[in-house]
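Here is a friendly tour of how some helices pack and where empty space is left. Keep the structure open beside you as you read.

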Amino acid sequence: MKQHTLGALRSSELGLGCMGMSDFYGPGDENESVATIHRALDLGITMLDTADMYGPFTNEQLVGKAIAGRRDQVVLATKFGIERRPDGTRVGVNGHPDYVRRAVDASLQRLAVDHIDLYYQHRVDPSVPIEDTWGALKELVEAGKVRHLGISEAAPQTVRRAHAVHPVAAGQYEYSLFSRGIEAELLPTLRELGIGLVAYSPLGRGILTGAYRNVDQLAPNDFRRNNPRWRDGNLEANQALVAEITQLAEARNATGAQVALAWVLAQGEDVVPIPGTKRVKYLEQNTAATELTLTEDELERLAKLASAVAGERYDEGGMSSVNR
């Protein structure tokens, strides 16, 4: 698999988002999830993405178990900053330096590793100057606990301030054919500073696969049931856009998911999409997107879709915590 550049970090061009193996997307199967991670490594995927709040905490334990004995094959990425209790209750966003230090030690223990390759600030805490949070993160790099630093869903000016304290290797943002808001200001800022983009939800949380027609297909505890793009008729409205993707995919003997991923991959060698899955079958389908090269005409046709997407990508509470 090709390698892409995220600041001073090298990663496979496609990564694996592990969140859904433990949380948010209905029930999981630990054995199948571990098999999926092993298959990803076999296919040349190096970037594995988790966070302490997924589960909470159990996703890091799962990833740590899966990579035991194969640590040198992995670019291990995890996050701190969205604080949750063991019962799942959300405490809030926390960027205090003392919390940063506690969080990394807890993650290292759960992952059963001696360092984290890419450590993200998951959300920006507006009550703490970003310089204070990143001063603590810089100390973690100097101590050898973390190799590279990342930031997620931060505003361009916040990225600049963080980068001035310690180089930001990667910014993690939602980016897909359905979510292109970062292109106006954020993506140019990342490129100006030499920061890579890790694109989460590159399949629009599953909408772009064409597999979903209504929310009744989702598990009762699937968080997408309350996502604006999945309710109030928005999912049905977005099917017209999905139909165009599916039509193009059929002409290329591919799946809609592969076309959507190929579009993200075509955006540059400083972009690494991390589609999430907990099944080997879908992992293998997604990985095949790296072999699909879209023509300029196809890219242009797909690029026109985003302007007609129905619904925000998060509810009001979720949107209030991004672009800080």
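## Helix packing and empty space

The crossing of α1 and α9 is right-handed. Please keep in mind that the model shown here is predicted.

Two packed helices are described by the angle between their axes and the distance between the axes. For helix α1 (residues 30-42) and helix α9 (residues 280-287), the angle is about 25 degrees and the axes lie 9 Å apart. That angle is under 35 degrees, so α1 counts as roughly parallel to α9. If you would like to find this contact on screen, look for E32, A35, T36, R39 and A40 on the α1 side, which meet V280, L283 and E284 of α9. Sorted by class, the residues of this contact are four nonpolar, one polar and three charged.

Helix α1 also packs against helix α2 (residues 58-67), here at an angle of about 55 degrees and with 9 Å between the axes. The two helices, α1 and α2, are therefore oblique to each other. Their crossing is right-handed. On α1, the residues involved are E30, S33, V34, I37 and H38, and they meet L62, V63, K65, A66 and I67 on α2. By class, six residues of the contact between α1 and α2 are nonpolar, two are polar and two are charged.

Here are the two packings side by side.

| Helix pair | Angle between axes | Distance between axes |
|---|---|---|
| α1 and α9 | about 25 degrees | 9 Å |
| α1 and α2 | about 55 degrees | 9 Å |

Now for the empty space. Rolling a probe the size of a water molecule over the atoms shows where empty space is left. How many cavities of 30 Å³ or more are there? The count comes to one. The largest cavity has a volume of about 40 Å³. Its lining consists of E174, F178, G204, R205, I207, N227, R229 and W230, which divide into three nonpolar, two polar and three charged residues.

There are open spaces to visit as well. The second largest pocket holds about 370 Å³ of space. Which residues lie nearest the centre of the second largest pocket? They are E153, G181, I182, R313 and N323, from a lining of 18 residues. In that lining, eight residues are nonpolar, three are polar and seven are charged.

Conventions: Residues are numbered from 1 along each chain as its sequence is written. This is a predicted model: local features need pLDDT of at least 70, side-chain atom pairs count only at pLDDT 80 or more; totals for chains, interfaces and linings use all residues. Side-chain values use heavy atoms; hydrogens and water are left out. On a 1 Å grid over the protein atoms alone, a cavity is a set of points where a 1.4 Å probe fits but cannot get out, and a pocket is an open set with protein on both sides within 12 Å along at least five of seven lines; lining residues have an atom within 4 Å of a point. Grid points are joined across faces, edges and corners, and a volume is the space filled by probe spheres set on the points. Ala, Val, Leu, Ile, Met, Phe, Trp, Tyr, Cys and Pro count as nonpolar, Asp, Glu, Lys and Arg as charged, and the others, Gly among them, as polar. Axes are lines fitted to C-alpha atoms, for helices over the stretch in contact, and angles run from 0 to 180 degrees between N-to-C directions. Helices (H or I, at least four residues) and strands (E, at least two) are DSSP runs, numbered from the N terminus. Angles under 35 degrees count as roughly parallel, over 145 as roughly antiparallel, 65 to 115 as roughly perpendicular and the rest as oblique. A crossing is left-handed if the near helix is turned anticlockwise from the far one by less than a right angle, and right-handed if clockwise. Contact means heavy atoms within 4.5 Å.
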